[in-house]
Amino acid sequence: MSASLNSKRPRDGEEGAVADEADDEQKRPKQLCFIAKKSVGGVATTTEVSLASDATVADLAGRLAELEECQAAQITLVCKGAVLSHPTAPLHTIADKEAAAAKITIVYIVRKPAGAATPAKAVPAVP
């Protein structure tokens with residue numbers, strides 16, 4: 001009986017909120033699967049990437065940077081026409097929106113490094 005006196009009754013809406021979070025965790029897959037597509041010079045490349053369900057945009061950019069052998073800062077990610085510009089944004093929010101799809105399609109762009117701009121051709125001086 002002393003245990004029931006010491007335990008607090010949850011506030012209104014508090015119990016439901018905890019249950020909703022638990023349901024979301026159970027529905028969320030342990031791994032997020034992405035199909036990453038890149039097109040350069042008319043040649044399309046497709047890569048499958050799996051990440052933990054708590055991965056962020058920076059984690060996905062880092063994985064693609066490893067595959068491309070470049071810096072993660074050079075990778076731009078796009079999903080359904082929207083640029084994924086916040087590195088700390090969780091990827092599970094995208095997966096939740098794409099609940100019907102087993103794999104989420106991401107398009108990525110690899111930019112050239114800042115110092116690798118092609119030099120302009122020198123124009124000879126006219127005498």
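A pocket is an open set of grid points where a 1.4 Å probe fits, with protein on both sides within 12 Å along at least five of seven lines. The legends below describe a predicted model.

**View 1. The second largest pocket holds about 160 Å³ of space.** Its lining is a list of named residues: V57, A58, A61, A72, A73, I75, T76, L77, V83, L84, S85 and P87. Two elements, α3 (57–68) and β3 (75–79), each supply at least two residues of this lining. Which classes of residue line the second largest pocket? Ten are nonpolar and two are polar. No charged residue is in the lining.

**View 2. Strands β1 and β2 form a hairpin.** Strand β1 covers residues 31–40, and strand β2 covers residues 43–52. The two strands pair in the antiparallel sense. Ten bridges link β1 and β2. Look for K37: T46 in β2 stands opposite K37. Two residues lie between the strands of the hairpin. In the turn, G41 has a positive phi of about 60°.

**View 3. Strand β1 also pairs with strand β5.** Strand β5 runs over residues 104–110. In which sense do β1 and β5 pair, parallel or antiparallel? The sense is parallel, and the pairing spans four bridges. One place to look is A36, whose bridge partner in β5 is I106.

**View 4. Two cysteines, C33 and C79, have their exposure compared with the cut-offs.** Is C33 buried or partly exposed? C33 has a relative accessible area of 24%, so C33 is partly exposed. C79 has a relative accessible area of 9%, which is under the 20% cut-off, so C79 is buried. A disulfide is a covalent bond between the sulfur atoms of two cysteines. With a cut-off of 2.5 Å between cysteine sulfur atoms, the count of disulfides is zero.

**View 5. The protein chain has four helices and five strands.** How are they ordered along the sequence? The pattern reads α-α-β-β-α-β-β-α-β. The protein chain has 127 residues, and 26% of them count as buried. Now take the contacts in the protein chain with a separation of 6 or more. Of these contacts, 56% join residues 24 or more positions apart.

Key: Residues numbered from 1 in each chain as written. Predicted model: local features only at pLDDT ≥ 70, side-chain atom pairs only at ≥ 80, totals over all residues. Heavy atoms only, no water. 1 Å grid on protein atoms, 1.4 Å probe; cavity = no way out; pocket = protein on both sides within 12 Å on 5 of 7 lines; lining within 4 Å. Points joined across faces, edges and corners; volume = space filled by probe spheres on them. Nonpolar A, V, L, I, M, F, W, Y, C, P; charged D, E, K, R; others polar. Buried < 20%, exposed > 50% of the residue type's maximum accessible area, 1.4 Å probe, protein only. Pairing = 2+ DSSP bridges. Contact = heavy atoms within 4.5 Å.
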